[in-house]
2 protein chains.
Amino acid sequence: MHPLDEAIALRSTSRHEFMGATHPAYANMVGPFGGTTAAQLLQAALLHPERLGEPLALTVNFAAPVADGEIRFVARPVRTNRSTQHWIIEAHQTVHDTEGVVATATAVFAVRRETWSNVEAVMPANVPAPDAVPRMLVKGMPPWPQRYDMRFVEGAFPAAFDEQEQAHSRSTLWLRDEPPRALDFASLAALSDSFFPRIYIRRRRRAMIGTVSLTTYFHADSALLAQIGTRHVLGVAKALNYRHGYFDQTGELWSPEGQLLASTHQLVYFKD
Amino acid sequence: MHPLDEAIALRSTSRHEFMGATHPAYANMVGPFGGTTAAQLLQAALLHPERLGEPLALTVNFAAPVADGEIRFVARPVRTNRSTQHWIIEAHQTVHDTEGVVATATAVFAVRRETWSNVEAVMPANVPAPDAVPRMLVKGMPPWPQRYDMRFVEGAFPAAFDEQEQAHSRSTLWLRDEPPRALDFASLAALSDSFFPRIYIRRRRRAMIGTVSLTTYFHADSALLAQIGTRHVLGVAKALNYRHGYFDQTGELWSPEGQLLASTHQLVYFKD
C-alpha cells in the first residue's frame with residue numbers, strides 16, 4: 001500500500017464523521033505536512049456516501065498546529081444542488097484533554113459537462129524532460145519531501161541559507177509522488193501544498209513559517225487525471241506580496257501535454 | 001448613508017447570528033451582486049463582539065442563488081489563538097418555506113506586526129492617471145456596476161457581444177465605489193468580486209455564468225486602507241483556465257503608490 005493511501009485512510013464512525021491519523025511518512029519538522037491534512041479533509045468528502053460529482057474547489061484553513069496522532073473529521077454537505085454540492089469540513093484533535101478545531105475546509109464538488117475549453121495561463125516553454133533534470137537531494141530533510149520526486153528547473157530549495165536575497169521566488173519543477181502513484185484528487189490536493197514557502201527561495205534565510213489558508217481549483221476531472229498516471233507533472237510557483245507577517249504564493253500544476261490540472265493559492269505566516 | 005453601508009448593515013439577533021438583506025442598489029440581473037454578499041459575510045465577523053484583529057483571508061462559496069430579501073448570517077469563531085482567529089460563516093435564506101444555506105465562508109483574522117515586506121507581483125507600468133481615462137458607461141447595466149466608477153485602460157467589458165474571440169482576457173482598470181467611499185475591508189472584499197467574468201472579455205459572447213468560489217487575501221491593514229481613502233485603486237484581472245463548465249480568474253488590487261492591497265482568485269461556472 002502506498003504511504004499516501006495509508007495517510008488518507010479514514011474510518012467512518014457516524015453519518016458525517018471519520019477518524020484518521022497523521023502518518024510518520026509525511027511528517028514535517030513539527031507535526032504533519034499540510035498537504036496530507038488537505039488531502040485527508042478532501043478525502044472525508046470523497047468517501048462520504050452522499051457525495052455528488054468530483055472536486056472543483058478546496059479551501060483549507062490551518063487553524064492550529066496539528067499534533068501527531070488521531071484526527072477526527074466532520075464532513076457535512078451543506079447544500080446539494082442538481083449538479084453541484086457544497087461542503088464544510090472540520091478537523092478536530094484532542095490535545096491535553098482539550099478538544100479543538102485544528103483545520104477547517106470548504107469544498108465544492110460538481111458533475112461536469114463538456115464545453116468550450118481553453119488555457120490562458122502560459123506553461124513554461126523549453127523545459128527539459130524530467131529524465132534530463134536531477135532529482136532534488138532529500139537526505140537530511142523531513143519525511144514529507146522524501147515522499148516526492150522533485151526535479152527543479154529553476155528556483156530550487158536553497159542548498160544553504162546564505163542570505164543572498166534573490167530577485168524573485170519563482171520555481172519551475174517536475175514532481176510526482178515517491179514511490180510513484182497514479183494521480184488522483186487526493187494526491188493533487190497534497191501536491192498543491194508541496195511548493196516550498198517562497199520566502200526561503202527569495203531570501204535564503206531561516207524564517208518561521210506556517211500556511212494559514214490554501215485554496216486549490218481542480219481543472220482536471222478524473223478522466224484527465226487517469227491520463228497522467230504516475231508520470232511527473234510540471235509545477236510552477238511564485239510569491240505575490242510579503243507584508244507584515246504574511247505573504248501569498250500562487251502555483252500551477254501542468255500535465256506534460258500542457259493541460260492545467262490545478263491552480264493553487266496560499267497565504268503563509270512568517271516571522272523573520 | 002452610503003448605499004454600501006446600507007447594504008452591509010447587519011442586526012445582531014443572538015450571540016452568533018445577524019440579520020441582513022439584499023439591497024436594490026447592488027442588484028444584479030437576478031439576485032444581488034456577489035461582492036455585496038461577500039462583504040456581508042465578512043461584516044458578520046467584523047461586527048462580532050469576539051472578533052480578534054483584522055481580516056487576512058476570506059473564501060466565499062456561493063451555494064445557491066441568493067433571493068432578494070432577508071439573509072440570516074451565522075458567524076462562528078471556531079478557533080481563537082493568540083494572534084489569529086478562524087471563522088466559519090454561513091448565509092441562510094428561507095425561500096418557499098424552505099430554509100437553506102445560500103453561501104458559506106471561512107475567514108482568517110490576525111493581529112499583524114511589522115516585518116520585512118516586499119512586493120513581488122508586478123504592477124502594470126505606464127498606466128495613465130484615473131482622470132485621463134474615461135469612466136465606463138453604465139447606462140442600461142444592472143444597478144451594481146452603477147455603484148462603481150470603473151475606468152478601463154485595457155480589457156473593457158465589450159460594448160457588443162460581437163463574438164470576436166480575443167487572444168486573452170486581461171483587464172487593467174482604475175476603480176472605486178460610486179459615490180466615493182473611504183476604502184475599508186468590506187468594500188475591498190466587494191471590489192474583489194467586481195472584475196467582470198473573464199469569459200465575456202475573452203469570447204465577447206453571451207454565456208450563463210455564476211461565481212462558485214471566491215478567495216481574497218488582504219495584504220492591506222487598516223492603516224494602509226486609510227491612506228487610500230476615496231481614491232481609485234488599480235485593478236488587474238486575467239483568466240487562467242476554462243474547462244468543462246468552469247474557469248478560474250485571478251485579480252490584484254493596487255494602491256496608486258504601488259502597494260498590493262489584495263489578491264483575489266475565483267472559480268466561475270459557465271454554460272456556453
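Which residues have the most contacts inside the largest nonpolar core? In this predicted model, they turn out to be A:L42 and B:L42, and the core they sit in has 152 residues. That fits a familiar rule of thumb: in soluble globular proteins, nonpolar side chains tend to be buried together.

A:L42 makes a handy starting point. Setting aside anything within four places in sequence, A:L42 is in contact with A:P55, A:L58, A:A107, A:F185, A:A186 and A:A189. Helix α2 of chain A covers residues 34–47, and its 14 residues reach 20 Å from the first C-alpha to the last, close to the 20 Å expected at 1.5 Å a residue. Hardly any of this helix shows: 13 of the 14 residues in α2(A) are buried.

Over in chain B, strand β3 (residues 54–62) is similarly tucked away. Eight of its nine residues are buried, so β3(B) is largely enclosed by the rest of the structure. This strand has antiparallel partners in strand β6 (residues 98–110) of chain B, over eight bridges, and in strand β10 (residues 208–218) of chain B, over five bridges. B:V60 takes part in both pairings: its bridge partner in β6(B) is B:A105, while in β10(B) it stands opposite B:L214.

Now for how the two chains meet. Laying chain B on chain A takes a turn of 180° and a shift of 0.0 Å along the axis, and leaves an RMSD of 0.0 Å. That is the relation of a two-fold axis. The contact draws 50 residues from chain B and 50 residues from chain A. On the chain B side, the largest share comes from strand β11 (residues 233–243), which supplies six residues. Sorted by class, that side of chain B holds 20 nonpolar, 20 polar and 10 charged residues. The copies meet through the same surface, because 100% of the interface residues of chain B are also interface residues in chain A.

Strand pairing also crosses between the chains. Strand β11 (residues 233–243) of chain A runs antiparallel to strand β7 (residues 118–119) of chain B, and the two are joined over two bridges. In one of these pairings, A:N241 has B:V119 in β7(B) as its bridge partner.

B:H86 gives a residue-level view of the two chains coming together. This histidine belongs to strand β5 (residues 84–95) of chain B and counts as buried, because it has 25 C-beta neighbours inside 10 Å, where 20 or more is the cut-off. Leaving out residues up to four places away in sequence, B:H86 touches A:N61, A:A63 and A:T104 on chain A, along with B:V78, B:R79 and B:V108 on chain B. B:H86 and B:F109 are 23 residues apart in sequence, yet their C-alpha atoms are 6.5 Å apart in space.

The loop between β8 (148–154) and β9 (171–177) of chain B offers a contrast in burial. B:Q164 is found there and counts as exposed, because it has 10 C-beta neighbours inside 10 Å. From B:Q164 to B:V78 the separation is 86 residues in sequence and 49 Å in space, C-alpha to C-alpha. B:E163 lies in the loop between β8 and β9 as well, and it too is exposed, with 10 other C-beta atoms within 10 Å.

Some backbone details deserve a second look. Most residues other than glycine have a negative phi, and most peptide bonds are trans. B:E163 departs from the first habit, with a positive phi of about 60° although it is not a glycine. B:R204 does likewise, its phi being near 50°. B:R204 is found in the loop between α5 (198–203) and β10 of chain B and counts as partly exposed, because it has 17 C-beta neighbours inside 10 Å.

As for the peptide bonds, the one from A:E178 to A:P179 is cis, with omega near 0°. A:P179 lies in the loop between β9 (171–177) and α4 (185–191) of chain A. In chain B, the bond from B:E178 to B:P179 is also cis, again with omega near 0°, and B:P179 has its place in the loop between β9 and α4 (185–191) of that chain.

Key
Residues are numbered from 1 along each chain as its sequence is written. Chains are lettered from A and ligands numbered from 1 in the order in which they are written. This is a predicted model: local features need pLDDT of at least 70, side-chain atom pairs count only at pLDDT 80 or more; totals for chains, interfaces and linings use all residues. Two residues are in contact if their C-beta atoms, placed from the backbone, lie within 7 Å. Helices (H or I, at least four residues) and strands (E, at least two) are DSSP runs, numbered from the N terminus. Ala, Val, Leu, Ile, Met, Phe, Trp, Tyr, Cys and Pro count as nonpolar, Asp, Glu, Lys and Arg as charged, and the others, Gly among them, as polar. Two strands pair if DSSP finds at least two bridges between them. A residue is buried if 20 or more other C-beta atoms lie within 10 Å of its own, exposed if 12 or fewer, and partly exposed in between; C-beta atoms are placed from the backbone. Copies are superposed by least squares on the C-alpha atoms of residues with pLDDT of at least 70 in both. A nonpolar core is a set of buried Ala, Val, Leu, Ile, Met, Phe, Trp, Tyr and Cys residues joined through C-beta atoms within 7 Å. The expected span of a helix is 1.5 Å times one less than its number of residues.
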